[in-house]
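Trainee: I'm new to this one. Could you walk me through how to read its features?

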Amino acid sequence: MGRIAVVTGGTRGLGKAISLALHAKGYRVIAVCCSNVGAALELCEETAIPVFKWDVGDFDACRDGVEHIEKEFGHIDILVNNAGITSDAVLHHMTPDQWWRVINNDLGAVFNMCRHVIEGMRARSFGRIVNISSVNGQKGQFGQTNYAAAKAGILGFTKALALEGARRNITVNAIAPGYSDTDMVAAVPHEVLHSIVADIPVGHLGDPMDVGRMVAFLVDDSAGFITGATFAVNGGQYMS
Ligand code: CAA
């Protein structure tokens with residue numbers, strides 16, 4: 001029986017690629033989505049991957065969702081915190097709502113989900129957690145003080161939890177994707193995106209599967225010595 005992997009935001013964009021990559025490796029993948037029911041149905045029909053719908057920014061909803069999954073499928077071995085949103089604006093125009101929505105959905109959700117799986121992972125002395133950050137959390141991005149703060153916060157969270165999990169065979173790593181071919185990136189104004197792509201050394205957007213493959217590598221049972229690390233998947237756009 002394959003290990004059970006939960007992927008938040010797992011029905012679209014990078015999350016869908018992650019779900020597909022893990023599914024192809026034989027994991028029992030469960031995707032969590034928040035709003036786009038059409039994408040959820042499509043993934044389910046294509047792959048039979050079950051999809052649960054709740055708001056990962058809501059602590060109690062995460063508790064109920066995790067309990068539900070564990071009752072129906074068994075304990076969660078692997079958690080990929082991928083769900084995220086943007087709400088771009090320069091700071092002098094950003095509203096508190098834009099700030100808190102992004103902080104809560106992109107960083108708060110990582111706490112919410114980890115908090116509800118970590119005790120089980122500790123009890124079983126096994127866990128693989130991968131948090132999806134962003135190149136913009138590493139280098140900053142004009143118009144994204146909220147998103148850059150949340151994604152940079154994920155990197156600190158990852159290192160701290162990696163220390164706490166290390167003796168229990170729980171690894172916690174972050175991936176910092178660059179600009180990939182997803183709906184989120186397609187929403188960037190055309191002229192802005194054009195100049196961003198011009199700054200990517202490989203000369204094109206990433207394929208979401210680039211990130212899927214990196215997740216599959218990190219969650220393998222044999223990857224137990226790799227923890228607390230941040231992996232850039234960004235076409236050379238930022239080298240730290
Ligand atoms: N650097 C410096 N100056 C910039 C700039 C930049 N990157 N972008 C815009 N400006 C300047 C403009 O030239 C303009 O200057 P003037 O007033 O002197 O003419 C000023 O800032 C205002 O620009 P806009 O008219 O574009 O301002 P706006 O308020 O309409 O929009 C914005 C600002 C919302 C930030 C818009 O530029 C935008 O959407 N940018 C894209 C941000 C982005 O890359 N988001 C990534 C989303 S994808 C993602 O996040 C996934 C991931 O992890 C990689």
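Mentor: Let's begin with the core, keeping in mind that this is a predicted model. The largest nonpolar core has 26 residues, and Val6, Trp54, Val56, Ile69, Leu79, Met113 and Ile129 touch the most other members.

Trainee: Which elements give two or more residues to this core?

Mentor: Those are β1, β2, α3, α4, α6 and β6. The largest share, seven residues, comes from α4. Another core, of 23 residues, lies apart from it, with Val29, Ala31, Ile78 and Ile132 among its members.

Trainee: Let me zoom in. What is Val56 in contact with, leaving aside neighbours within four places in sequence?

Mentor: Val56 contacts Thr8, Val32, Cys62, Ala83, Ala109, Asn112 and Met113.

Trainee: And Ser19, is that buried or exposed?

Mentor: Look at the relative accessible area: under 20% counts as buried. Ser19 has 0%, so it is buried. Ser19 sits in helix α1, residues 13–24. Beyond four places in sequence, its contacts are Val7, Gly10, Val29, Ala31 and Ile49.

Trainee: Now the ligand. Which residues come nearest?

Mentor: Of the 17 residues around the ligand, Asp88, Ser134, Gln144, Tyr147 and Tyr179 do. By class, this shell has nine nonpolar, seven polar and one charged residues. Helices α7 and α8 each supply at least two of the shell's residues.

Trainee: How do I read the polar contacts?

Mentor: Check the distances to oxygen atoms of the ligand. For a polar side-chain atom of Tyr147 the distance is 2.7 Å, for Tyr179 a side-chain N or O atom is at 3.0 Å, and for Gln141 a polar side-chain atom is at 3.4 Å. Taken alone, the ligand exposes 1100 Å², of which the protein buries 54%.

Note on methods
Residues numbered from 1 in each chain as written. Predicted model: local features only at pLDDT ≥ 70, side-chain atom pairs only at ≥ 80, totals over all residues. Heavy atoms only, no water. Core = buried A, V, L, I, M, F, W, Y, C linked by side-chain atoms within 4.5 Å. Buried < 20%, exposed > 50% of the residue type's maximum accessible area, 1.4 Å probe, protein only. Helix = DSSP H or I, 4+ residues; strand = E, 2+ residues; numbered from the N terminus. Contact = heavy atoms within 4.5 Å. Near = heavy atom within 4 Å. Polar contact = N/O pair within 3.5 Å; in protein donor to acceptor, adjacent residues only side chain to side chain. Areas by Shrake-Rupley, 256 points an atom, 1.4 Å probe, with all protein chains shown as cover. Nonpolar A, V, L, I, M, F, W, Y, C, P; charged D, E, K, R; others polar.
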